[in-house]
Each structure stands twice: as structure tokens, then as C-alpha cells.
Amino acid sequence: MRKDYNLEKRKYVIGGAIILIVLIYLIRLFQLQICETKYKENADSNAFFRKTIYPSRGLMYDRNGELIVFNQPAYDVMMIPRDVTAFDTVDFCNTLQITRQQFDNLLADLKDSRKNPSYSTYTPQTFMSHLSAKDYGRIQEKLYRFPGFFIQKRVIRQYNHIAAANVLGNIREVNKRDIDNDDYYKPGDYTGDLGVEKSYEKVLRGVKGEEILIRDAHGRIQGRYDNGSLDVEPESGKDLILSLDIELQEYGEKLMQNKIGAIVAIEPSTGEILAMVSSPTYDPTLLIGRQRGKNYRELVNNFRKPLFDRSLMGAYPPGSTFKPTQGLIFLQEGIVNLGTTFPCFHGYVSGGLRVGCHTHGSPINLKPALQTSCNAYFCWGFKSMIDKRSKYGNPFNALEVWKNYMVSMGYGYKLGVDLPGESRGFIPNSKFYTKIYGENRWSANTIISIAIGQGEILATPLQIANLAATIANRGYFITPHVVKEIKGDTLPSHLLEKRSTMVSPAHYADIVEGMRMAVTGGTCRGASFPGVEVCGKTGTAQNPHGRDHSAFIGFAPMNNPKIAICVYVENAGFGATYGVPIGGLMMEKYLNGSIDPSRQWVEDRMVQANTIIYSGVRKH
């Protein structure tokens with residue numbers, strides 16, 4: 001009998017098809033029972049109601065133990081759509097003091113998959129948030145009349161001081177990106193937005209708890225499941241001790257009212273930020289409660305940009321506050337010594353190029369050059385370094401050495417402050433100028449303006465204040481940070497890192513002496529106050545878009561410094577006009593606790609001054 005091979009093949013084909021169908025069914029069953037949560041939610045929701053218990057968010061204190069940010073209760077109206085049955089909507093609206101149109105709009109937004117992509121009829125949805133205590137009291141009495149609705153208690157932020165909004169940040173409702181990036185969050189949750197609230201979100205938020213409640217056949221809550229044995233208690237967020245001195249912060253904001261700019265004050269020995277003022281600022285209470293969205297839009301659209309933190313996001317030409325860095329590089333590289341003099345006949349003149357200066361003695365050496373803020377001295381020193389082919393071979397190599405010094409002093413890259421949004425500023429390198437001018441087609445004179453903190457140089461007030469702290473420490477700095485302590489935890493190690501510059505500590509003593517001379521008999525006399533040896537350096541930064549910017553760096557006391565500071569006031573003219581007196585007042589306030597009566601007139605003048613009129617910023 002002849003064997004039928006086609007029939008034999010057909011047997012394998014049919015068998016394979018059966019196996020394939022079985023596999024498909026198994027895979028689908030696995031998806032439905034293990035991967036797909038919808039059916040599990042449906043089944044669980046019939047018997048159980050899982051109620052989230054939100055933890056208390058960590059509190060914030062200033063360095064002296066003053067409570068700055070705390071919590072107060074807030075109430076959200078929640079609903080489980082499948083449990084909602086017929087109810088008196090007029091009574092519901094009257095109880096919450098909303099119109100029927102508002103009710104319909106809230107319900108439509110809740111069901112809109114674009115606005116609420118996690119919508120499910122089986123899971124709790126936020127119908128209305130931030131009820132007042134009065135609204136909560138009214139609806140709590142009538143809640144039994146509105147099946148499917150319940151109240152979710154949470155906390156919102158409150159403030160003891162109307163200050164430091166840019167440092168503290170705020171909290172907002174999570175969006176889809178937040179939920180996708182972190183499975184901690186569910187629709188209706190809140191997260192840190194800006195400032196410390198954002199950068200320390202995981203520390204502050206704590207861990208959610210959960211109550212499992214059991215339902216009857218009609219969906220009514222009958223009590224805790226298994227006497228609460230499976231409930232999870234929430235864990236409160238950790239409290240933060242900030243490095244801020246809130247009184248100093250408030251004083252700085254008072255001095256900077258009606259001005260555009262920033263103040264950053266640092267404790268040199270620790271890197272702890274004592275004050276971080278960005279002006280104009282805003283009231284942090286605007287970003288809590290039901291009006292948060294409206295107020296936030298108004299702040300975003302404000303033409304003076306109060307949400308823009310100028311203290312760490314603003315990139316400015318540092319002007320003459322930059323000169324101490326140049327003196328340090330020249331000393332370390334052997335370009336100058338303390339006896340080296342350069343001519344200044346009211347400016348730097350070389351090869352047809354002129355950089356202006358003001359009247360003082362000539363020739364001049366390093367310390368008097370710092371005292372009088374001589375442009376010519378630092379231009380000549382820069383030219384001597386960049387064009388010194390016998391040492392560096394060519395300007396390209398020389399500028400790379402110069403740039404590396406600047407980076408070691410904290411310029412050109414982010415310092416790593418524990419706040420979001422820090423700008424890196426800008427320190428040009430040789431490739432930058434070669435791209436602009438061509439290879440071997442530029443020299444010191446081509447880029448001479450960077451010697452005095454102009455041209456392409458950009459720095460944040462934080463970086464400039466950090467320079468003052470570095471000089472105060474005679475050659476090192478600790479990464480600036482605004483959180484001093486996390487209760488029950490340790491600070492990230494990089495915030496405690498000691499970072500030394502490429503300059504020998506011995507050279508810093510000469511720069512310190514020159515900055516002291518600037519206060520005793522030079523451009524910084526207005527920073528002096530009784531009983532303390534202050535060191536400082538002015539800065540008048542040229543502004544191609546309007547009036548010059550007024551800047552100042554300083555520290556005090558000269559020996560064993562407790563505070564280093566940068567003041568930067570946009571469009572305010574000479575450094576001595578606003579930067580110096582504001583810096584002196586801030587240091588005096590911190591070190592002495594009050595302003596000497598003989599200097600009260602200085603405080604009054606700074607508080608009353610309005611430099612915004614010079615800014616050229618107009619509302620469009």
C-alpha cells in the first residue's frame with residue numbers, strides 16, 4: 001500500500017494550528033489576568049474601597065529655627081463615577097456655592113481624556129479641589145445625600161513670612177509627565193514646583209498610606225476590611241533646616257524693592273546661602289489654593305518676570321568684580337609681582353585700541369589697581385599673558401590656561417547649587433574665538449574686554465558671590481547650598497565638597513589686602529560700617545541695551561569671614577551708587593543685627609530708591 005505523504009503533512013499543519021491557537025488563548029488569558037488591571041479594578045471596586053491617606057509634607061525652618069513653611073488642611077471633593085446615582089444637583093451646587101454651569105464644566109473636564117488621561121469609572125477622581133473649611137463643613141453634613149462622592153483630606157502649604165518665594169518654590173497638581181515618570185503619583189496628587197519644593201520633592205513628600213474599606217452589595221461602606229490589619233500608615237516627609245537667615249532675606253528684599261537684580265550672601269566656611277534675593281519677587285501665598293492657576297498665569301505674563309530667579313538664572317557681565325580673578329591668575333602665572341606697574345593715562349592704549357579709565361595715579365601696581373578699579377592695569381596684565389609666546393607658544397594656548405583658572409574659580413559651569421534652573425554663565429575658550437576670527441587671526445587686543453569682565457563674559461550673581469566666598473577662604477569654596485540639614489537624613493555629599501582653585505593660597509592674601517584698601521580709601525568706601533573690617537570690590541558693568549549695571553562683591557570680617565556677598569542691580573549706574581551701599585547694609589545687618597544710627601540715611605536712601613525707571617523695560 002502506497003503511503004500518502006500529503007496526508008502526513010496535513011496532520012502536522014493541523015497540529016501546529018491547534019498549538020498556536022492554544023498559545024494565543026494562554027497569552028491572552030495571561031494579559032487579562034496578570035497584566036491588565038482594569039478587570040481587577042472592576043472586581044476589587046465591587047467589594048473594596050481603597051482610600052489613600054496623604055502624608056504630612058515636611059516643614060521648612062530657617063537656620064535659626066524660625067518656622068518658614070508649614071502645612072494646613074485642605075479638602076478635595078472626590079467621586080467614583082460608577083457609584084454615582086441620582087441626586088439633587090441643585091442642592092449639591094448650593095452646598096459648594098457653585099453654579100450648575102460650573103458643575104457641568106467640572107464634570108466634563110473630569111471625563112475629558114486629554115485633561116484627565118487616567119480617568120476610570122472605577123477609581124476615585126478629583127471633582128473639585130481646595131475646599132475652604134467652611135465649604136468642607138457644609139458638604140460634610142450632607143455627604144450622605146450625594147452617593148459616589150466623598151471628601152479626601154490633604155495638606156497645602158502656608159507661609160509665616162512673605163519672603164524667599166524664589167528659593168522656597170511651591171507645589172502644584174501633577175501632570176501626565178509627572179505620573180509617567182514616577183509611579184508614586186496618581187491624578188490629583190501634588191508635587192514640588194520650583195525652588196526647594198522641587199529639588200527636595202522626594203525628601204519632603206513622605207510616603208502615602210492606605211485604608212482598605214469593605215462595601216456591601218449596594219456599594220455602601222461597611223467599615224475597615226479585616227479590622228484594618230492590611231491598612232498602611234502614611235510616613236510624613238522629612239523636615240528641612242534651610243541655610244537662609246529669614247530676617248536677612250526679608251531685609252534684602254526690602255532694599256531691592258523697586259529695583260531689578262539680585263543679592264546672594266554666603267557663609268564662606270560652609271557654602272551655606274544666607275540670603276538669595278531675586279527682584280522683583282512675589283508673594284508665595286499667591287500660588288496656593290483655588291486661585292493658584294489664575295495667579296500663576298498672571299505671574300508668567302508679568303513683563304518684569306518675577307518668576308525668573310535672577311540670582312541663579314540671570315547671566316550678566318560681571319564687570320570689575322571680575323578683576324580679582326585676573327590679579328590671582330597673573331600672580332600665579334608669574335606675569336606680575338607686587339612691584340609690577342603698568343601705565344594708566346585715563347585708560348589702556350595699545351595698537352590704536354583704547355579702553356577708558358578714571359583719574360588716579362600712574363603707573364600703578366596690583367593692590368592700588370584693585371583699590372581704584374583701574375581698567376588699564378588688568379588690560380595690560382591680560383595682554384602680557386595672552387601674547388607671551390615665550391611661555392605659552394601662542395595666544396590659543398595662553399587663553400586655554402586662563403580659561404582653566406577661571407573654571408577652577410567657579411565660572412563657566414554650573415556650581416551645582418541645590419536649586420533647579422541654575423545657569424552656567426559663559427567663559428569663552430580659544431576655539432570660540434578661532435571660530436569667530438579664524439586661526440591665528442586674534443590676539444589679546446582682539447578680546448581685551450574680557451580682562452575687565454566685559455565682552456563675552458557672563459556670570460550669575462551666585463557665581464559672583466561664590467568668588468567673594470573663595471577669596472574670603474583664601475583659595476577654596478564649598479558648593480553653595482540652601483538646605484543646611486535634612487532631619488533624619490544626610491545632605492548629598494557634593495554639597496559638602498571642598499573645591500580648591502588652581503591659585504596658591506599665598507596669593508589670596510594680596511588680593512584681600514587690595515580689596516580692603518578699596519573699602520578704606522577706594523571705590524568701596526560706602527560699604528564700610530563701624531566695628532568690622534570689610535573687604536570689597538565694585539563693578540560697573542557696561543550694558544549695550546541701556547544704563548550700566550551696578551555691582552559689588554565683598555566679605556567681612558577681613559579675617560575669619562562670616563559673610564560673603566554679591567549685589568547686582570540692573571540699569572543702576574556706577575557700582576558705588578547702589579551695589580556698594582546695599583552690600584554694606586546687608587553685611588552690617590547680618591553681623592551686627594541692626595544698622596548703626598549714623599548710617600540710617602543710607603538705608604533710607606536705598607529703600608526709597610527706584611531704579612526700574614532706568615531699565616528701559618516697558619509693558620507691551
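**Exercise 1. Which residue stands opposite Ile565 in β20?**

The model is predicted, so local features need pLDDT of at least 70 and side-chain atom pairs count only at pLDDT 80 or more, while totals for chains, interfaces and linings use all residues. Residues are numbered from 1 along each chain as its sequence is written, and side-chain values use heavy atoms, with hydrogens and water left out.

*Solution.*
- Step 1. Helices (H or I, at least four residues) and strands (E, at least two) are DSSP runs, numbered from the N terminus; two strands pair if DSSP finds at least two bridges between them.
- Step 2. Strand β11 (residues 261-267) runs antiparallel to β20, and 6 bridges join the two.
- Step 3. The residue opposite Ile565 in β20 is Ala265.

**Exercise 2. Determine how β19 is joined to β20.**

*Solution.*
- Step 1. β19 and β20 run antiparallel and are joined by 7 bridges.
- Step 2. Ala556 stands opposite Ile563 in β20.
- Step 3. The two strands form a hairpin with 6 residues between them, and Asn560 in the turn has a positive phi of about 60°.

**Exercise 3. Establish which residues of β20 are buried on each side.**

*Solution.*
- Step 1. Buried means under 20% relative accessible area, exposed over 50%, and partly exposed in between (1.4 Å probe, protein chains only).
- Step 2. In strand β20 (residues 563-569), 7 of 7 residues are buried.
- Step 3. One side carries Ile563, Ile565, Val567 and Val569, and the other carries Ala564, Cys566 and Tyr568.

**Exercise 4. Check the length of helix α19 and identify its cover.**

*Solution.*
- Step 1. The expected span of a helix is 1.5 Å times one less than its number of residues.
- Step 2. For the 17 residues of α19 (residues 505-521) this gives 24 Å, which agrees with the 25 Å between its end C-alpha atoms.
- Step 3. Buried residues of α19 include Tyr508, Ile511, Met515 and Arg516.
- Step 4. Their cover, by contact (heavy atoms within 4.5 Å), includes α12 (323-332), α13 (366-372), α18 (461-472), β18 (535-541) and β19 (549-556).

**Exercise 5. Decide whether the protein chain is spread out or a compact globule.**

*Solution.*
- Step 1. The protein chain holds 21 helices and 20 strands.
- Step 2. The radius of gyration is taken over C-alpha atoms, and the globule rule is 2.2 Å times the number of residues to the power 0.38.
- Step 3. The rule gives 25 Å for 620 residues, whereas the radius of gyration is 32 Å, well over that value, so the chain is more spread out than a compact globule.
- Step 4. Along its principal axes the C-alpha trace spans about 110 × 90 × 50 Å.
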